[in-house]
Amino acid sequence: MKSALGIGALRYRSRSIVCDCSGGGVAVSFLAMEIGERVIVLVEGEQEANPDSWVGACYDGHTLVSAADSIDTVTSLYTVGTVVVQYGLLPESLLAALDGAEPPLVLEELAAILLPTLPEITLERLTSYFGIVAEARAADIFRIYGALRERGSALAISQLQAICRLLPSDRSLYRFFDAQRYLREMSGPSGEDITTLAEVVATEIPPDPPVRQLDPEMWGALDIHLSEDMLGAGGLFSQHLKTYETRAGQLQMSRAVIDALNARQHLLCEAGTGTGKSLAYLIPAIYWATQNQTPVVVSTNTKNLQSQLFEKDIPLIQRITGARFRAALIKGRGNYLCMRKFEQLLENADFSLRMGQHALAASVVVWLGETLTGDLSEVSGLESRDARPFVHDITAGADECGGRSCRFYKQCFVRRARARAQAADVVVANHALVLSEMTEGAQALPEHAHLILDEAHNLEDAATRYFTVEISRPRLRYFMRRLGRLRLRGRGMGLLPLLSRQLGTSPHPMLESMPAQIQQAVQTWEQTLDPFFAAIGSICSDKGLLRLRPAFSSSPLWHALQETEQHMRKALAAVVEALQVLLEVLENPEEDIPPGIRAMTIDFSAIRGGLQALQDDLGYMMALDAPDMVYWAERDPRIAGEGRLMSAPISVGPQLMNQLYVNLSTIVFTSATMTVRNQFDFLAGRLGLDSMEPERLLTMNVGTPFRYEEQATMLVPMFLPEPTAGGEQAYVQALSSLLARLFERTAGRGLALFTSYLMLQHVTAHVRESLPAKGISVLAQGEAFSREYLMETFRAEIASVLMGTHSFWEGVDVAGESLSCVVMARLPFGVFTDPVIEARCEALEAAGQSAFRGYSLPQAVIRFRQGFGRLIRHRGDRGVVVVTDRRILSKSYGHWFRSSVPVSTVPIHDEEQFLDAVEQFLAMA
C-alpha cells in the first residue's frame, strides 16, 4: 500500500481515497491502519458543496485533494467512513449534502473524554498540550487526532470496555473506542493488561501514623529569629529567589504568628494584598508542627486558595528550606469519587445515566487511570451546574460509606485522603470541613490544637450556611430520585429498579414484593408534596418572603400548612417503615441474600437515615420555638408557585466559642479585610471573640506594601442618579450607558461588580449592544460557564470585561493589564429584608445598639474593601476604581467607605471629564 502513485486513487475494501503520497507514503499507511473499519478525511475552510473542492490534510501534513473521478460522491465516502471535524469546520452546505450519513467524529468530543483534566478544549489548547507546532489548520487537526488515538490505545482493556458500554453504539465516538478495544483484545493476553476497573486506580501504601505529641507541657517554643532567617534580608528566600523582596508586613505577621504559638494565644491579623501572608503563617506552622510533633490545620474559605497553598506555597517552602515535613490537602466527602457508587452506575448505565452524561462518565473512566487523589475538581467537565446530579450519583455521604466492609476499601479515595491528613504535619482544609469536624467529631482531620483560618472574614457566613436548615422540594426530590421508579420490563433509574432487576436474576421470596411496596409508599408520599409546598408558597408575602415569628403559629395560614404537613409526615413515616422492613431482611445474616442484593444495604440504609433526619427537621421547623434561630418561608425560585421553609442561627459566635475556640491552644484569624475604621471590634463581635479573655487575644494590622497613591485612583461619577428604590430604573439605564462608554475607553480590561443579579443582567444586555462590535468581549456570571472558565478567559483576553455579583467581590486575582478598571455599581449593603440580617439587626437593637452602625454599615465596608482589593494585585499594577454609587459622597456614612481604602475619592460632575480622567490615568506610565 505504501507504493501508491503520487496523486492517485487507493482502493482498499471498496473505499476510495485520493492523497499525496510524495512524503514516503506515511499518510497512506496511517489511513490503512484503520483495518478496514473506517476512512478518515479532514475538511478545512468554507468549501462549497461540490465534492471537487474538498481540501484536507493527511497525517504528515501533505495536501489531500479529492476529485470526482476518484470518489463516487461525498455521501458514499462519508457513509462508509468517518469524517473527523472540529466544531464549525464543516460548512452547512456540506452537512446538508451529507444528510442521513453517520455523524462525524468531532475532535472536541473525543478530546473531552481522553483529556478529562484539560480546562478548555480548543484547537489552540490541544496543539499546545501535545507540543504540536501549528501549521496548516487541517494538518494540526490530523496530528491532534493521531495523538488522541495513541492516548486511546494506551488505555487499559477494562477502561475501553467500560467506555464502550457507556457510549451509544450508533455514534462515531463508540466506533473509535471499540476499534481500540478490538485491537487490544486481538493482540493477545498481556500480563500488563488490567481487567477490572478497580485495578486502574493507582495503588498507594497508606503512610505510617506518626507519634503525636498533644501535651502542651511538652511543646518547645519556636526560635524568635525564624522569621528573619527565612523571610528577612539575607534570609533563605532572598538567597534562592532572584526577584525576592523583603516585606516588612510579612516579617511582622510571621513574628506575631510565632508569638501566638509560643504563648498559646489567639491572633487576629489583617494583612493587606501583597503582604505575602501565606508564607508568613505557613513557615511558623510547619516548623512548629515538625519541632513539636503536633499537626497544624490551615483552613480557607475557597478551593482556589486551598489549591494555591498546597500546590504552590507549600512546595516552594519545601524546595527552599529543605525542611522535611508531610503536607496533605483534605476536603469534604462530596468532593471525592466513590468507586462503589461509580461502578454501580456503570453496571446500570442503560438505566442510570441521563442525556449528556454518557460521555461525562467516559471521561471519568479515563481519569481513573490518572488521578492520585480522586478529587472530582480535577475533571473539568464536572464544573458546570448541569453536572451536579451526576456528581451526586458518584459521591457518597458518611451514611453511604461501607467502610472496611466495602470491596473498594483499598481504592477508597476518601480513606486515602484522610490517611494522608492523619499522617501530615500541616493539613490544608476548608471552613466547611472544620465546622463539620467541630460538631460531628474528628474523622477527617487529625487531632490538633493549632488552627489557622485564612479568609477569616468569611467564617460567620460559612458557619451560618453550615447550621442552616432547609425544607424544600429539591431536598425531598433527591431521595425520590435515588429510590427511582419501577417501569415496564425492568427499566427505570434508581435503587428500586436496580433491586427489581437483581431479583429478576436472583429471586428471593421475602424480597419479591418489596420494591413495589416501597414504590407505592413513595408515590403516596409524593402525592402529599404538592399541597404542602403550595401551602408554603401561599403564606409568603407579595414579595415572596415572610419572616416566621412564634406568633404566626396561631394564624389560619399556618394551621392550613400544619394540616398538609401532618399528611405529608404520615406518608413519609410509611416510606421509612417500608425501608425498615426491607433492611431487616437485608441485614439478617441468616437469610441467604445474593451478594449483589446484600451490597445494596448501604444505599437503602442511607436513604432511611436521610428521611429520618428530614422527619426531625420537619418537627423542629414547624415548632418555631428556638429562640436563637430565625425562621422564614420564601418562594422557591426553582419551582413556580411553591415555597420552602428555612431556618438559620441569629448568632454563630456562641457555637464557635463553645465548640471550637475553647478546644484549641492557638487560632490565627487572618484576611486582607478584617478591620472597620482600623478596629477589629466588628469582626471579633460577630465571631464571638469578644467574650474571650482579653489576654488570650492578640490583634495586628500589618498593612500592604503597595503604593496605592501612585498605582490607583478612585473616581465617583456624580452625574449619575442615586440607586435608590424609587429611581433604580433610571439609575440602571444611566449606568448601562456609562459602562458601555467607559469600557470602550479602557479597551475592555474591566471588572464590574453588582449587588443584584437582575441589575447585572440589564447592564450586560445593554453593553453587549455596542462593545462586541468594537472587539471587546463581554463575560457575565450565570451564563452557563463556570467561574473558573470565566476567570481564565478574562485573564487571557485583554479586550474583555467581566460582570459579576456577590462571589466576584472577592477571590478574583488578575494581575497585569487584563484588569485595569474595577466598577462597583452599588455600595454593597446587605438586603435589609433578608430574615437573617433583619434578625441580627433586631438583636443589636434589643441590646441598645444601632443596627445600622453596628451591623449593616461595617459589614458593607468589609465587602467594599474586598471589591476595591480586586484592582491592585502586583507592585506593577495600575488602575482605576469607579464607584458609581454617589452616596459614598452625598451621605453622612460615606466617610466610613472613603476612609477604609488607601486612596482619596475624586468626584467628577461631567461625563466627558470623567471618561477623559479614566483614560488619562491609565495612559500614565
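User: Accessible areas here come from the Shrake-Rupley method with a 1.4 Å probe, and for residues only the protein chains shown count as cover. What area does the chain expose?

Analyst: First, this is a predicted model: local features need pLDDT of at least 70, side-chain atom pairs count only at pLDDT 80 or more, and totals for chains, interfaces and linings use all residues. Residues are numbered from 1 along each chain as its sequence is written, and side-chain values use heavy atoms, leaving out hydrogens and water. Carbon and sulfur atoms supply 52% of the exposed area, and the chain exposes about 39800 Å².

User: What share of the 925 residues count as buried?

Analyst: Buried means under 20% relative accessible area, exposed means over 50%, and partly exposed is in between (1.4 Å probe, protein chains only). Of the chain's 925 residues, the buried share is 53%.

User: Which helix holds S254, and which residues does S254 touch?

Analyst: Helices (H or I, at least four residues) and strands (E, at least two) are DSSP runs numbered from the N terminus, and S254 falls in helix α11, residues 248-263. With a relative accessible area of 1%, S254 is buried. Contact means heavy atoms within 4.5 Å. Leaving aside residues up to four places away in sequence, S254 touches S227, L231, A280 and P284.

User: How far apart in sequence are the parts that R473 and D530 tie together?

Analyst: These two form a salt bridge (a side-chain nitrogen of Lys or Arg within 4 Å of a carboxyl oxygen of Asp or Glu), and their closest N and O atoms are 2.5 Å apart. R473 sits in helix α21 (residues 473-483) and D530 in helix α24 (residues 529-539), so the pair ties together parts at a sequence separation of 57 residues. As for cover, R473 is buried at 10% relative accessibility, while D530 is partly exposed at 46%. So, back to what you asked: 57 residues.

User: R863 and E810 also meet in a salt bridge. Which of them is buried and which is partly exposed?

Analyst: Their N to O distance is 2.7 Å. R863 belongs to helix α35 (residues 851-868), while E810 is in the loop between β22 (800-804) and β23 (821-824). R863 has a relative accessible area of 23%, which makes R863 partly exposed. At 11%, the buried partner is E810.

User: Is the aromatic pair of Y620 and Y631 stacked, edge-to-face or tilted?

Analyst: Rings of Phe, Tyr and Trp (its six-membered ring) pair if their centres lie within 6.5 Å; planes under 30 degrees apart count as stacked, over 60 as edge-to-face and the rest as tilted. Y620 and Y631 are 5.6 Å apart centre to centre, with 45° between the planes, so by those cut-offs the pair is tilted.

User: What about Y893 and F897: what kind of pair do their rings make?

Analyst: Both residues are buried, Y893 at 12% and F897 at 0%. They also belong to a cluster of ring pairs with F829, F852 and F864. Their ring centres are 6.4 Å apart and their planes at 70°, so the pair is edge-to-face.

User: Which residue lies over the face of W896?

Analyst: A charge sits over a ring if NZ of Lys or CZ of Arg is within 6 Å of the ring centre and within 35 degrees of the ring normal. For F921, the charge over the face comes from R878, at 4.0 Å from the ring centre. For W896, at 4.4 Å from the ring centre, the residue is R677.
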